[in-house]
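Visitor: I am new to this structure, and I would like a close look at a single part of it. Please pick one spot and lead me outward from there.

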Amino acid sequence: MTVLAETPTKPPSGPPSTGNGRLVDLVLRARELSIAGALVVLVVATTIANPRFLSAQGVEDIFLNASILALLAVGQTMVVVTRNIDLSVGSVVGLVAFVTGKFAAGTDRNVLLVILLGLLIGALCGLVNGLLVSFCRVPALVVTLGTLYVIQGIDHYVAHGEQISASDLPSSVLALGNDALLGIPYLPIITVVVMLGIGFYLRSYSSGREFYAIGSNPEAARLAGVPIRRRVLSAYLVSGVLAGLAGVLWLARFGTVVADAANGWELKVVSAVVVGGVAIVGGVGTVYGAALGALLLTTIGSVLVVLKVNPFWQDAITGVLLLLAISVDRLLALRVTRTLKAKSRSRRGRRRANGNGNGNGAGDAAGGGPAATAAATAKEEGNARDEV
């Protein structure tokens with residue numbers, strides 16, 4: 001689980017944990033472990049039922065299909081940790097896939113120009129979302145739901161019922177979605193590089209950790225001097241750019257593109273993020289967990305196909321996983337609250353024992369006023385979440 005701020009390790013104040021208790025704490029601390037465990041159990045059980053599930057082609061198809069969803073989930077994570085949401089990513093993928101396909105069709109376009117065009121379109125969409133949410137203070141759900149339909153309308157207007165076929169595209173574009181480096185397809189490589197870069201930034205840079213501060217406690221972050229508007233705008237820009245890149249990869253992977261490509265993917269992306277341990281209320285989660293969530297959802301889809309289960313159940317299982325993930329987040333939030341209350345009672349007891357607990361207001365003033373108090377509150381919440 002990602003922490004909010006630098007968290008010096010403190011000895012536990014309660015009774016020592018048993019072996020099972022430590023294991024449970026470890027699973028709760030690193031939500032990614034539980035997702036990876038569920039993934040392993042799912043793969044092993046399916047392989048026992050159908051040994052052909054783990055064939056080389058089957059594994060490659062799972063990673064190829066998961067790459068685009070994981071890329072979108074990485075961008076969505078940056079938005080969700082700031083206590084916002086981006087429902088327009090699916091429509092951005094469809095628009096970018098069709099426009100870049102039309103740009104490249106019938107000519108020998110350089111693939112870098114195609115990627116650059118996709119990134120620019122995605123960045124423009126993210127900029128509009130970010131400006132409306134951060135500077136105009138319009139709720140993120142309303143803004144991105146509106147831009148979802150606006151972008152879909154633009155996509156259908158541009159398409160006019162046409163479709164892009166693989167035979168129309170230059171070989172350099174198709175090679176991006178089908179060729180490999182040292183036997184590993186380009187799509188998973190691109191997704192992993194992007195995931196590691198953003199994950200490193202969020203964890204290692206103070207500006208990256210400010211995204212978690214905003215989602216953990218916006219008022220405390222504001223009083224602590226965090227540039228909330230700029231950070232939220234940046235999150236939407238990153239989400240839009242990655243959606244643009246995903247649109248180009250969609251074109252390269254499938255070749256044939258219609259106006260409603262990636263229709264409905266916004267809910268898949270949100271499901272992957274939440275299943276991956278990113279709290280829908282912000283402040284908690286990692287891009288690694290979100291990518292694992294995308295891989296888990298994609299694997300479930302492949303398992304249902306292998307087991308010849310009605311495709312209807314894929315959506316139903318995705319919904320059940322989403323409900324379970326949100327329920328787990330709620331339980332974690334309640335545990336954070338209990339931990340904060342216990343720490344507060346313990347701190348007051350120590351102050352009374354040391355003879356320094358005569359006035360909370362004086363302590364706050366000496367510590368630097370409300371900004372310092374708010375920053376300390378945000379840090380305490382981050383520490384508590386980390387301990388949970």
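Guide: Let us begin with a word we shall need often: two residues are in contact when heavy atoms of theirs lie within 4.5 Å. Our spot is F103, and, leaving aside its neighbours within four places in sequence, F103 is in contact with R109, L113, V114 and L117. Before we go on, please keep in mind that this is a predicted model, in which local features need pLDDT of at least 70 and side-chain atom pairs count only at pLDDT 80 or more, while totals for chains, interfaces and linings use all residues. Residues are numbered from 1 along each chain as its sequence is written, and side-chain values use heavy atoms, with hydrogens and water left out.

Now back to F103, which belongs to helix α4; helices (H or I, at least four residues) and strands (E, at least two) are DSSP runs, numbered from the N terminus. With a relative accessible area of 27%, F103 is partly exposed; that class lies between buried, under 20%, and exposed, over 50% (1.4 Å probe, protein chains only). One of its partners, R109, places its charged end over the ring of F103, 4.1 Å from the centre. Such a placement asks for NZ of Lys or CZ of Arg within 6 Å of the ring centre and within 35 degrees of the ring normal. Another partner, L113, is ten residues from F103 in sequence, and their C-alpha atoms are 9.5 Å apart in space.

Helix α4 also holds K102, whose side chain meets that of E162 in a salt bridge at 2.9 Å, N to O. This pair links distant parts of the chain, since K102 is in helix α4 and E162 is in the loop between α6 (140-159) and α7, 60 residues apart. A salt bridge here is a side-chain nitrogen of Lys or Arg within 4 Å of a carboxyl oxygen of Asp or Glu. Both ends are partly exposed: K102 has a relative accessible area of 38%, and E162 has 42%.

Beyond that loop comes α7 (residues 171-178), where the buried residues are V173, L174, A175, L176 and G177. They pack against α4 (89-104), the helix we started from, and also against α5 (111-135), α8 (186-204) and α11.

Let us follow α11 next. Its residue R231 forms a salt bridge with E210, the closest N and O atoms being 2.7 Å apart. This pair, too, links distant parts of the chain, with R231 in helix α11 and E210 in helix α9 (residues 206-216), 21 residues apart. R231 and E210 are both buried. The structure holds three salt bridges; another of them joins the side chains of E219 and R222 at 2.5 Å, N to O. E219 and R222 are three residues apart in helix α10 (residues 218-223), so about one helical turn separates them.

Rings deserve a look as well. Rings of Phe, Tyr and Trp (its six-membered ring) pair if their centres lie within 6.5 Å; planes under 30 degrees apart are stacked, over 60 edge-to-face, and the rest tilted. By this rule there are five aromatic pairs. F200 and Y205 make an edge-to-face pair, 6.1 Å centre to centre with 80 degrees between the planes. W250 and F254 make a tilted pair, 4.9 Å centre to centre with 55 degrees between the planes. W250 and F254 both lie in helix α11 (residues 228-254), four residues apart, about one turn of the helix. W250 is buried at 11% relative accessible area, whereas F254 is partly exposed at 40%. F200 and Y205 also belong to one aromatic cluster with Y201 and F211.

Finally, let us step back. The protein comes to 16 helices and two strands, and of its 388 residues 46% count as buried. The mean pLDDT (the predictor's confidence in each residue, from 0 to 100) is 81, and 81% of the residues reach 70 or more. Residues 1-18 have pLDDT below 50, and this stretch has 32 contacts in the model beyond near neighbours in sequence. Residues 359-371 are also below 50, with seven such contacts. Where pLDDT is low, the predicted coordinates should not be read in detail.
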